[in-house]
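Reader: I'd like a close look at one part of this model, and then a walk outwards from there. Could you take me through it in one go?

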Amino acid sequence: MSELTLLWRLWLAKPRQIATLAPSGAAVAAAFVDAVAAAPDEGTIVELGAGTGPVTSAMLAAGVDRQRLCIVEANAELAAHLRRRFGRDLVARADARALDPLFETRRIDRIAAVISTLPILHFGRTAQRAVLDECFARAAPGATFTQITYLPGSPVRQRHLRAWNYRAERYRRVAQNWPPATLWQYRARETRPSGDRYRDVCLGRLDSE
């Protein structure tokens with residue numbers, strides 16, 4: 001079964017759980033690679049919703065150290081496909097709305113960048129915040145969360161991001177993709193506590209004040 005056929009079949013069955021009916025094109029993958037290239041030099045690069053693996057493949061082809069990668073996919077068929085393609089060590093089957101157990105198991109304490117093709121637009125507000133908080137609780141200074149969307153605006157509403165103490169900016173428009181895509185980047189605002197203290201606040205171990 002081709003990757004396009006696999007993704008098409010899964011999208012038809014669960015369109016709100018599969019972000020798109022076609023794999024990301026080369027231009028989108030290149031844009032994600034550029035986002036990773038600007039990340040801090042130390043820390044894990046987390047890919048959420050890897051699908052059939054075009055972005056993973058582009059990162060590896062660009063020379064990203066596979067030891068720095070954590071590839072996450074929730075769908076069982078897609079995760080199995082990714083493991084056959086890239087190896088079991090690289091791919092974790094996990095729900096992006098509950099990442100802490102995975103990060104603990106894999107001893108991921110410092111995240112340099114997150115790239116995401118999750119259908120985060122369809123997540124509820126609580127789930128959207130959980131994805132961001134659990135990633136940024138372990139984020140290195142300067143880390144970004146880069147999210148794809150096929151709509152004009154941010155898939156996580158700007159007012160919610162401000163309330164959660166994040167900021168957003170449009171990173172890149174990719175017209176050479178079908179459908180045309182936009183990458184948004186989310187960052188923690190500078191007023192957040194940093195390092196281990198922010199992680200403890202997010203995990204409820206410390207008061208935020």
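Leaving aside its neighbours within four places in sequence, which residues is V64 in contact with?

Author: Happy to, with the reminder that this is a predicted model. V64 is in contact with V36, I45, M59 and L69, once its neighbours within four places in sequence are left aside. You'll find V64 in the loop between α3 (54-61) and β2. Despite that loop position, V64 counts as buried, because its relative accessibility is 17% and the cut-off for buried is under 20%. Take V36 from that contact list: V64 and V36 sit 28 residues apart in sequence, yet their C-alpha atoms are 8.6 Å apart in space.

Now for the sheet. It is an open sheet of 7 strands, and if you read across it the order is β3-β2-β1-β4-β5-β7-β6, with mixed pairing. At the edges are β3 (91-93) and β6 (166-174), each of which pairs on one side only. From one strand to the next, the twist averages 20 degrees.

Let's zoom in on β5, where both kinds of pairing turn up. On one side, β4 and β5 run parallel and are joined by 5 bridges; I111, for instance, has A139 in β5 as its bridge partner. To get from β4 to β5 the chain goes through α6, and this β-α-β crossover is right-handed. β5 (residues 139-149) also pairs with β7 (residues 181-188), but here the strands run antiparallel, again with 5 bridges. Two of the pairs to look for are T146 with Q185 in β7 and T149, which stands opposite T182 in β7. Of the 11 residues of β5, 8 are buried, so this strand is largely enclosed by the rest of the structure.

T144 is a handy residue to click on in β5. It is buried, with a relative accessible area of 8%. Not counting residues up to four places away in sequence, T144 touches A112, A113, V114, F136, Q185, Y186 and R187. Among those contacts, F136 is one of the buried residues of α6.

That brings us to α6 itself. Helix α6 (residues 125-136) has 12 residues and reaches 16 Å from its first C-alpha to its last, close to the 16 Å expected at 1.5 Å a residue. Like β5, α6 is largely enclosed by the rest of the structure, because 9 of its 12 residues are buried. The buried ones are A127, Q128, A130, V131, L132, D133, E134, C135 and F136.

What about the other helices on the sheet? Helix α2 (residues 26-37) lies across β1 (44-48), β4 (111-116), β5, β6 and β7, and runs at about 140 degrees to β6. Helix α4 (residues 76-86) packs on the sheet too, touching β2 (69-73) and β3, and its direction makes about 165 degrees with that of β3.

Next, the nonpolar interior. In soluble globular proteins, nonpolar side chains tend to be buried together. Here the largest nonpolar core has 28 residues, and those with the most contacts inside it are V46, L48, V72, L132 and F145. β1, β2, α5 (100-105), β4, α6 and β7 each supply at least two residues of this core. The biggest giver is α6, with 5 residues.

L48 shows how much can meet at one residue. Setting aside neighbours within four places in sequence, L48 is in contact with V72, A96, L99, V114, I115, S116, T117, L118, V131, C135 and F145. There is also a second, separate core of 22 residues, which includes A29, A50, V55 and L183.

One last stop is F103, which is in helix α5. F103 counts as buried, at 0% relative accessibility. Not counting residues up to four places away in sequence, F103 touches V46, I108, I111, E134, C135 and R138. Two residues in that list tie back to earlier stops: C135 also turns up in the contacts of L48, and I111 is the bridge partner of A139 in β5. As for C70, it is 33 residues from F103 along the chain, and the two C-alpha atoms are separated by 9.4 Å.

How values were computed: Residues numbered from 1 in each chain as written. Predicted model: local features only at pLDDT ≥ 70, side-chain atom pairs only at ≥ 80, totals over all residues. Heavy atoms only, no water. Helix = DSSP H or I, 4+ residues; strand = E, 2+ residues; numbered from the N terminus. Expected span 1.5 Å × (residues − 1). Buried < 20%, exposed > 50% of the residue type's maximum accessible area, 1.4 Å probe, protein only. Pairing = 2+ DSSP bridges. Axes fitted to C-alpha atoms, helices over the stretch in contact; angles between N-to-C directions. Contact = heavy atoms within 4.5 Å. Core = buried A, V, L, I, M, F, W, Y, C linked by side-chain atoms within 4.5 Å. Right-handed = clockwise from strand over helix to strand, strands pointing away.
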